[in-house]
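Thanks for sharing this one. Here are my notes, written to be read with the model open beside them.

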Amino acid sequence: MTIPGSPHIAYRGDALFIEDRAVADLAHEFGTPLYVYSKSAMLEALAGYQRALEGRDHLICYAMKANSTLAVLQTFAAAECGFDIVSGGELARVLAAGISPAKVVFSGVGKTRTEMRQALDAGVMCFNVESDAELEVLSAVAVESGKTARISLRVNPDVDAGTHPYISTGLKANKFGIAHESAVASYQRAAALPGLEVIGIDCHIGSQITEIGPYVNALDRVLDLVEKVEAHGITIKHLDLGGGLAITYTDEAPPAAETLVRRLLARIDERGHGHRKIMFEPGRSLVGNAGALVSEVLYLKPGEEKNFCIVDAAMNDMARPAMYQAWMRIVACGLREASPVTYDVVGPVCESGDWLGRDRALAVEAGDFVAVLSAGAYGMTMASNYNSRGRAAEVLVSGERALLIRDREQAVDLFRGEHLID
Ligand code: LLP
């Protein structure tokens, strides 16, 4: 039995499998809470973008904020992927994974001078700059370091991507990007600064976008700008169209990456921009449906108004429900004959906001395992140590092979770097 949106996570008989491993066996072997990822699901998601871009000068830069575990980065790097980073920490991860910074773009609205220096020293391919003030600072830092920073401007196309307010980024009211109206002036400014070389244009309009329309609108706005900028004698070599493609958590039916990209390429060609290098920065759509957060049912607590299924994973392991009221599918790792009961699935953290799913029909008993699906993106990367809970272990599954790619955090890890006072 397959589960919508989760290729490679399916029931075989009564047992939930990820690729060729029973999820409950992994939970016994590695403990819970446990993140499990399907390597094939990640590579297939990437291949969708790659198929559409074949034969073109292109670079897919995986937005590693979605899942920055070193083995995940290695998996994508081995498949020719580049990376979109937003901090010095993410740069350090890329380097620790043995990845060439020549395929790295550095995004983000608040890069520090230290981060700029690190990225220049490493030799990143491009900085996606988000304000005039940042242009000035980056140029100064580059001159000081005796380097030239290759840049693109992240422009704000003022297009409504129709997503959750916290994850929509392409509107004027958002803190992101340079306003469409002032972009030409910012490009002129950039071109005149000594430490910078303009190479591209960038936009990113939001996340969990389920329609092609907003992408096409944003692309048109970007191409209008490219034409204006080039009329001023500034060459734009690449178009970076950002990330944001949705995945299926419940009944969303986003376009396949291949369909989206082909549609955008057709528009790019139609408008005579087919000679430019094409870049994307997908995060969620490469890893989201590849992962699950596996948890043990600790207690069933029936109540007058609500029944609670208390599990050992919590909002510190998976923040999305608490933070965005996100709906994530929760399934039992073993199917039982008993009729399902409606539960709120909650964790041990001392907050009413600590829930993973509300009003879920589950046939489970204490000691069973449940899996929160579509948890591969913005799960582990948003995990915290709240309530002094160690972060979960992570396992990468490929066929029958299950590799531990991150140890479970131990108590000593929680206060490493702290100092007792006399
Ligand atoms: N590029 C830029 C500049 C971004 O800000 C983002 C995501 C991406 C690419 C990748 O977007 P994606 O393909 O993953 O949609 N924590 C939220 C999502 C925040 C997205 C932030 N920016 C969540 O769990 O839904």
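The points below go from the domains to their interface and then to the cavities.

1. A reminder before anything else: this is a predicted model. The domain assignment splits the chain into domain 1, made of 9-38 + 288-414, and domain 2, which covers 107-282. Domain 1 is thus written as two segments, 9-38 and 288-414.

2. The C-alpha centres of domain 1 and domain 2 are 36 Å apart. In the contact, domain 1 supplies 9 residues and domain 2 supplies 7 residues.

3. The size of an interface is often expressed as the accessible area that is lost when the parts come together. Here, domain 1 and domain 2 bury about 780 Å² between them, and carbon and sulfur atoms account for 54% of that area. On the domain 1 side, the residues losing the most area to domain 2 are Asn289, Tyr324 and Trp327, which together make up 49% of what that side buries.

4. What holds charges and polar groups across this interface? The rule finds 0 salt bridges between domain 1 and domain 2, but 3 residue pairs in polar contact, both residues being at pLDDT 80 or more. Sorted by class, the domain 1 side that touches domain 2 consists of 4 nonpolar, 3 polar and 2 charged residues.

5. Now to the empty space: how many cavities of 30 Å³ or more does the structure hold? There are 2. The largest cavity has about 40 Å³ of space, and its lining consists of Cys203, Ile205, Tyr215, Ala218, Leu219, Leu241 and Leu264.

How values were computed
Residues are numbered from 1 along each chain as its sequence is written. This is a predicted model: local features need pLDDT of at least 70, side-chain atom pairs count only at pLDDT 80 or more; totals for chains, interfaces and linings use all residues. Side-chain values use heavy atoms; hydrogens and water are left out. Domain bounds come from an automatic or database domain assignment. Contact means heavy atoms within 4.5 Å. Buried area is the accessible area (1.4 Å probe) that two parts lose on being put together, summed over both. A salt bridge is a side-chain nitrogen of Lys or Arg within 4 Å of a carboxyl oxygen of Asp or Glu. A polar contact is a pair of N or O atoms within 3.5 Å; within protein, one must be able to donate a hydrogen and the other to accept it, and residues adjacent in sequence count only if both atoms are side-chain atoms. Ala, Val, Leu, Ile, Met, Phe, Trp, Tyr, Cys and Pro count as nonpolar, Asp, Glu, Lys and Arg as charged, and the others, Gly among them, as polar. On a 1 Å grid over the protein atoms alone, a cavity is a set of points where a 1.4 Å probe fits but cannot get out, and a pocket is an open set with protein on both sides within 12 Å along at least five of seven lines; lining residues have an atom within 4 Å of a point. Grid points are joined across faces, edges and corners, and a volume is the space filled by probe spheres set on the points.
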